[in-house]
Amino acid sequence: MTFSRTRPPKSADERTQLLGWLDMQRALIPWKCEGLSDEDAHRPVLPSSPLMTMAGLVSHLRWVEHAWFEVILLGGPADSPQFDQDAPEDADMQVEGVPLAQLLEEYERQCVRSNEIIADHALADVSRHPEFARDATLRWILFHMVEETARHAGHADAIRELLDGERGYY
């Protein structure tokens, strides 16, 4: 599935706008990765943030989608790196040796799964996980995911420019 880099209609209903903005931000991530080698995708460009690579960012976004929709909203098992007490900090970004194409495929698959979950729930539905983000509505989660994905799309802009000078916004 290819997500659109087009803004949602200004007069659309709330659900259409929320999902439209989220899908637009999601679409920026693979676009920023186009043409990158695996070597560049794993190359850190910020000395103080060695895990902030394009590959690490894509992996993080995949796990954030999983955490918010499958774990927190649905109440599923907390089986992702963010919830593993024994994992190192930022374990979801530690993907050395994993091909960028694989990470992008996993991210896309997770976004498709997230959209299936979103379609099955009302915006007022409340998260079911007994420990994490209790009482968060799907509406709140969608706003948060727009913010989270957009923030990291901005990181992807900067990473890409530092890697090879490529610039541009949708």
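**Entry 1: helices and a loop**

Before anything else I pinned down a term: a helix here is a DSSP run of H or I with at least four residues, and helices are numbered from the N terminus. I also noted that I'm looking at a predicted model.

With that settled, I looked up E96 and found it in the loop between α3 and α4. Is E96 buried or exposed? Its relative accessibility is 67%, and exposed means over 50%, so E96 counts as exposed. I then checked E96 against A67, which is 29 residues away along the chain. Their C-alpha atoms are separated by 21 Å.

**Entry 2: the whole chain**

I stepped back to see the overall build. The protein chain has five helices and zero strands, and reading along the sequence gives me α-α-α-α-α. The radius of gyration is 16 Å, close to the 15 Å from the globule rule for 170 residues, so the chain is as compact as a globular protein of that length. Along the principal axes, I get a box of roughly 45 × 45 × 25 Å around the C-alpha atoms.

How much of the chain counts as buried? I wrote down 45% of the 170 residues. For the outside, I have about 8900 Å² exposed, with carbon and sulfur atoms supplying 51% of that area. I also looked at contacts with a separation of 6 or more: residues 24 or more positions apart account for 70% of them.

**Entry 3: aromatic rings**

Next I went after ring pairs. How many aromatic pairs does a search of the whole structure find? The search turns up one. The partners are W68 and W140, 5.5 Å centre to centre, with 50° between the planes, and the pair is tilted. I jotted down where they sit: W68 is in helix α3 (residues 54–73) and W140 is in helix α5 (residues 138–164), so the pair ties together parts that are 72 residues apart in sequence.

The two rings don't get equal cover in my notes. W68 has 14% relative accessibility, so W68 counts as buried. W140 has 44%, so W140 counts as partly exposed.

While on tryptophans, I also checked W63. R62 lies over the face of W63, 3.8 Å from the ring centre.

**Entry 4: salt bridges**

A reminder to myself: side chains of opposite charge can pair when their charged atoms come close. I found 10 salt bridges listed for the structure, and I looked up several.

D157 and K32 came up, with their side chains meeting at 3.0 Å, N to O. Which helices does this pair link? D157 is in helix α5 and K32 in helix α1 (residues 14–33), 125 residues apart, so I marked this as a link between distant parts of the chain. K32 has just 5% relative accessibility and counts as buried, while D157, at 24%, counts as partly exposed.

Two others stay within one helix. In helix α4 (residues 100–119), E116 and R113 are three residues apart, about one turn of the helix. Their closest N and O atoms are 3.6 Å apart. I checked the cover on each: E116 is partly exposed at 42%, and R113 is partly exposed at 32%.

In helix α5, D164 and R160 are four residues apart, again about one turn of the helix. I noted 3.0 Å between the closest N and O atoms of this salt bridge. R160 is buried, with a relative accessible area of 7%, whereas D164, at 38%, counts as partly exposed.

I also noted a network of salt bridges, in which D23, R26 and E65 are linked.

**Entry 5: a second loop**

To finish, I looked up V126. Where is V126 found? I placed it in the loop between α4 and α5. V126 is partly exposed, with a relative accessible area of 39%. What does V126 touch, leaving aside neighbours within four places in sequence? I listed L73, D135, A136 and T137. One last distance: V126 and I141 are 15 residues apart in sequence, and I get 9.6 Å between them, C-alpha to C-alpha.

Notes: Residues are numbered from 1 along each chain as its sequence is written. This is a predicted model: local features need pLDDT of at least 70, side-chain atom pairs count only at pLDDT 80 or more; totals for chains, interfaces and linings use all residues. Side-chain values use heavy atoms; hydrogens and water are left out. Rings of Phe, Tyr and Trp (its six-membered ring) pair if their centres lie within 6.5 Å; planes under 30 degrees apart count as stacked, over 60 as edge-to-face and the rest as tilted. Buried means under 20% relative accessible area, exposed over 50%, partly exposed in between (1.4 Å probe, protein chains only). A charge sits over a ring if NZ of Lys or CZ of Arg is within 6 Å of the ring centre and within 35 degrees of the ring normal. A salt bridge is a side-chain nitrogen of Lys or Arg within 4 Å of a carboxyl oxygen of Asp or Glu. The radius of gyration is taken over C-alpha atoms; the globule rule is 2.2 Å times the number of residues to the power 0.38. Contact means heavy atoms within 4.5 Å. Accessible areas come from the Shrake-Rupley method with a 1.4 Å probe; for residues, only the protein chains shown count as cover.
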